[in-house]
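Visitor: I have a few bench questions about this model. Please walk me through it, one piece at a time.
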Number of protein chains: 2
Amino acid sequence: MDFLKELGHLAIASRMKGLTDRLLRGGTEAYRYLDIDFEPRWFTLFYLLSTESSPLSIQQIADALKVSHPAVIQTAQMLVKRGLIRSYQDEADRRKRLLAITPKGRELAAELTPVWNCFLAAVSDLFGSAGADMMEVIRKVEEELDREEMGSRIIRKIKEMQAKAVEIVEYSPEHREVFRTLNEEWLKKYFAVEEDDIRLLRHPEEVIIAPGGAVLFARLGGKIVGTTALLKRDDETYELAKMAVTPGAQRKQAGRRLAESAIALARQKGAKTVILMTDNRLRAAVGLYRNLGFRLAPNETTTSGKYARAKFGFAMKLDLE
Amino acid sequence: MDFLKELGHLAIASRMKGLTDRLLRGGTEAYRYLDIDFEPRWFTLFYLLSTESSPLSIQQIADALKVSHPAVIQTAQMLVKRGLIRSYQDEADRRKRLLAITPKGRELAAELTPVWNCFLAAVSDLFGSAGADMMEVIRKVEEELDREEMGSRIIRKIKEMQAKAVEIVEYSPEHREVFRTLNEEWLKKYFAVEEDDIRLLRHPEEVIIAPGGAVLFARLGGKIVGTTALLKRDDETYELAKMAVTPGAQRKQAGRRLAESAIALARQKGAKTVILMTDNRLRAAVGLYRNLGFRLAPNETTTSGKYARAKFGFAMKLDLE
DNA sequence: AAAACTTACGTAAGCGCTTTCACATATATC
DNA sequence: GATATATGTGAAAGCGCTTACGTAAGTTTT
């Protein structure tokens with residue numbers, strides 16, 4: 001059996017590479033058959049210069065061919081050595097080196113044109129007889145990749161997967177301990193544990209839940225790895241606070257799931273606005289809040305405002321309507 | 001405008017290469033995002049070894065992945081250095097080195113499996129949203145290339161093009177001179193000009209055409225570059241002879257077009273068999289005759305049999321029915 | 001059993017591209 | 001006009017593959 005075929009989409013890069021190799025090898029054979037000193041990889045540069053757009057600078061060519069400029073320099077050397085193109089300094093901008101086709105190059109281009117047409121015919125036949133409009137496929141895929149690059153696509157999938165693995169659970173008495181330790185761990189790392197913190201963290205049921213708020217936890221692989229609190233300010237306003245995720249579980253979407261769940265809960269409770277207090281130094285958190293729709297709210301005061309660390313921070317606001 | 005897109009099928013190799021680069025770069029980014037020390041190009045080897053087929057020899061792997069064995073060795077070194085695979089000598093065949101996954105490798109494979117699934121999902125999405133079944137396209141194109149490689153396809157097209165450029169014309173008196181010189185040029189190169197040759201070459205009208213034969217010429221770019229004669233032996237049998245193409249026009253399908261035209265003419269004249277006399281040293285000619293359907297006919301005697309050079313040669317025969 | 005051939009692997013060198021860095025020249029900013 | 005920044009190119013090194021060749025081990029032939 002063919003291992004690469006079994007892999008399907010996973011080996012698509014390998015197989016596409018294999019295909020291009022086979023296509024280019026065909027070009028090499030054709031030039032050799034005709035006893036012409038030319039190589040397929042020179043084609044794009046040579047053809048570009050053989051059109052009326054010549055002369056072009058190194059960088060212009062690199063952009064047009066979507067390769068690095070050293071690649072152009074190296075290919076150009078080959079063609080200059082064979083007298084097919086020549087290079088000279090641009091008078092207007094003396095940093096630039098312009099490449100242009102020579103008469104000998106024009107001659108070869110004329111000789112090669114029918115060969116290229118044969119290549120064209122062979123490729124069209126190949127993809128045609130495979131019943132596929134490969135050009136259209138490539139064009140569309142390029143377009144899609146322009147819209148969003150592969151890295152971003154994969155990372156998005158990874159985040160989705162991670163988010164699914166995070167389970168959100170509501171507060172119950174056995175969580176009192178972990179709520180405190182998670183928050184203290186976080187506070188000690190970034191700030192200091194203050195008087196008011198201690199009261200709130202020790203008695204979440206009384207201070208947070210009883211007045212109409214909530215405490216949520218993120219469970220990953222059976223373990224509680226994060227928490228957040230939703231504090232009721234008034235019937236229409238809730239505050240997202242006390243978000244803490246244990247270092248080992250960070251960047252695994254626990255924070256996002258907690259925030260999303262808290263926002264959903266606030267909406268369910270009839271909130272029209274969710275506010276929060278954060279700090280510029282907490283880059284990841286601020287990024288998350290922005291991404292969830294929170295915007296700067298300079299004039300907003302929060303319950304967290306009373307803490308000393310707030311002087312380094314700022315408020316954000318999310319409109320739920 | 002996008003030069004590569006303008007080129008269409010001519011730049012298909014460049015664009016496919018660009019696509020694979022973008023796909024692989026996405027993989028690199030994903031591993032970096034997860035802070036995992038792994039590279040996309042290791043995937044096929046690592047995955048192959050992580051399946052139940054392990055252990056495998058270097059060469060077995062190279063075959064499965066369709067790369068050279070040094071490529072396997074080099075990739076394997078990377079993986080061995082990281083403790084993901086190990087290698088040991090095959091006891092049964094001490095030339096072989098077997099590669100197998102290590103426990104640490106299994107661990108990583110388990111960790112990476114969901115990541116690979118994300119890659120899979122992203123690729124499927126990508127090609128799906130481009131509305132194209134890329135896997136199917138690649139599969140078919142590979143199949144087509146297995147049937148006939150690209151080099152052969154292009155060269156076939158080139159030959160077709162060359163054949164179209166060759167014009168076949170029948171004998172007329174002004175050709176008498178060129179018929180003789182083309183043949184003498186050829187004879188001098190390979191053999192010697194003999195008595196009987198001279199008579200035939202000097203008086204084609206009387207010796208060849210009057211008895212029911214014909215003389216054909218190949219014209220390329222306005223110039224006569226080749227000739228052949230069709231000699232009538234009896235009502236059902238004609239002999240293809242005196243095929244000569246000037247050196248500068250060789251490998252340009254003049255010979256093939258001449259032979260094909262002569263055969264067509266023989267068929268038109270009611271022939272059931274075409275015979276010819278050739279020589280083992282004339283590789284290209286013999287190849288052409290074989291390709292046209294001529295087969296060895298050891299017992300056949302030809303009019304050319306009377307020439308001295310025939311003792312190095314042999315007869316071939318084409319059945320027209 | 002020796003010799004010739006085949007197979008498997010390792011090493012080296014090459015190729016075509018990239019990234020990185022250095023340097024010259026333009027352009028923008030004060 | 002001086003200085004900072006941006007741009008264009010070249011040189012070097014690296015990367016991942018290839019081909020070519022050498023060596024060792026196995027297999028077949030004589």
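Guide: A residue is near a strand if one of its heavy atoms lies within 4 Å of it. Keep that cut-off in mind, and remember that the model is predicted.

Visitor: Which residues come nearest to DNA strand D?
Guide: DNA strand D has 20 residues around it. Two chains supply the nearest ones. They are A:Gln59, A:Arg95, A:Arg97, B:Arg41 and B:Ser68.

Visitor: How do the residues near DNA strand D divide by class?
Guide: Take the surface near DNA strand D class by class. Nonpolar residues number 6, and polar residues number 6. The charged residues number 8.

Visitor: Which element gives the most to the surface near DNA strand D?
Guide: H4 (58-65) and H5 of chain A each supply at least two residues, and so does H5 of chain B. One of these elements gives 4 residues, the most. That element is H5(B).

Visitor: What does the side chain of A:Arg97 approach on DNA strand D, and at what distance?
Guide: Start with A:Ile58, where a backbone N or O atom lies 3.3 Å from a phosphate oxygen of DNA strand D. For A:Arg97, the atom is an N or O in the side chain. Its partner is a phosphate oxygen of DNA strand D, at 2.4 Å.

Visitor: Which DNA strands does the side chain of A:Arg95 approach?
Guide: One polar side-chain atom of A:Arg95 lies 3.4 Å from a sugar or linking oxygen of DNA strand C. An N or O atom in the A:Arg95 side chain is also 2.8 Å from a base oxygen of DNA strand D. The answer is DNA strand C and DNA strand D.

Visitor: What share of the DNA strand C atoms within 4 Å of the protein belongs to sugar or phosphate?
Guide: Bases do take part. A:Gln74 has a polar side-chain atom 3.0 Å from a base oxygen of DNA strand C. B:Arg95 places one 2.8 Å from a base oxygen of DNA strand C. Bases make up the rest of those atoms, while the sugar or phosphate share is 62%.

Visitor: Which element gives the most to the surface near DNA strand C?
Guide: In all, 21 residues surround DNA strand C, with A:Arg41 and A:Gln74 among the closest. By class, they are 6 nonpolar, 6 polar and 9 charged. With 4 residues, the element that gives the most is H5(A).

Visitor: Away from the DNA, at what angle do H2 of chain A and H7 of chain B cross?
Guide: H2 covers residues 12-33 of chain A, and H7 covers residues 134-147 of chain B. Their axes come within 11 Å, and the crossing is left-handed. The angle is roughly 35°.

Visitor: How many charged residues does the contact of H2(A) with H7(B) have?
Guide: From H2(A), the contact includes A:Arg15 and A:Arg22. From H7(B), it includes B:Arg139, B:Glu142 and B:Asp146. Beside 8 nonpolar and no polar residues, the charged count is 5.

Visitor: In what order do the strands of the open sheet in chain B run?
Guide: The sheet has 3 strands, and the pairing is antiparallel. S1 (56-57) and S2 (85-89) are the edge strands, each paired on one side only. The order is S1-S3-S2.

Visitor: Which residue of S3(B) is the bridge partner of B:Tyr88?
Guide: S2(B) and S3(B), residues 97-101, run antiparallel and are joined by 5 bridges. B:Tyr88 has its bridge partner in S3(B). That partner is B:Leu98.

Terms used
Residues are numbered from 1 along each chain as its sequence is written. Chains are lettered from A and ligands numbered from 1 in the order in which they are written. This is a predicted model: local features need pLDDT of at least 70, side-chain atom pairs count only at pLDDT 80 or more; totals for chains, interfaces and linings use all residues. Side-chain values use heavy atoms; hydrogens and water are left out. Axes are lines fitted to C-alpha atoms, for helices over the stretch in contact, and angles run from 0 to 180 degrees between N-to-C directions. A crossing is left-handed if the near helix is turned anticlockwise from the far one by less than a right angle, and right-handed if clockwise. Contact means heavy atoms within 4.5 Å. Ala, Val, Leu, Ile, Met, Phe, Trp, Tyr, Cys and Pro count as nonpolar, Asp, Glu, Lys and Arg as charged, and the others, Gly among them, as polar. A polar contact is a pair of N or O atoms within 3.5 Å; within protein, one must be able to donate a hydrogen and the other to accept it, and residues adjacent in sequence count only if both atoms are side-chain atoms. Two strands pair if DSSP finds at least two bridges between them.
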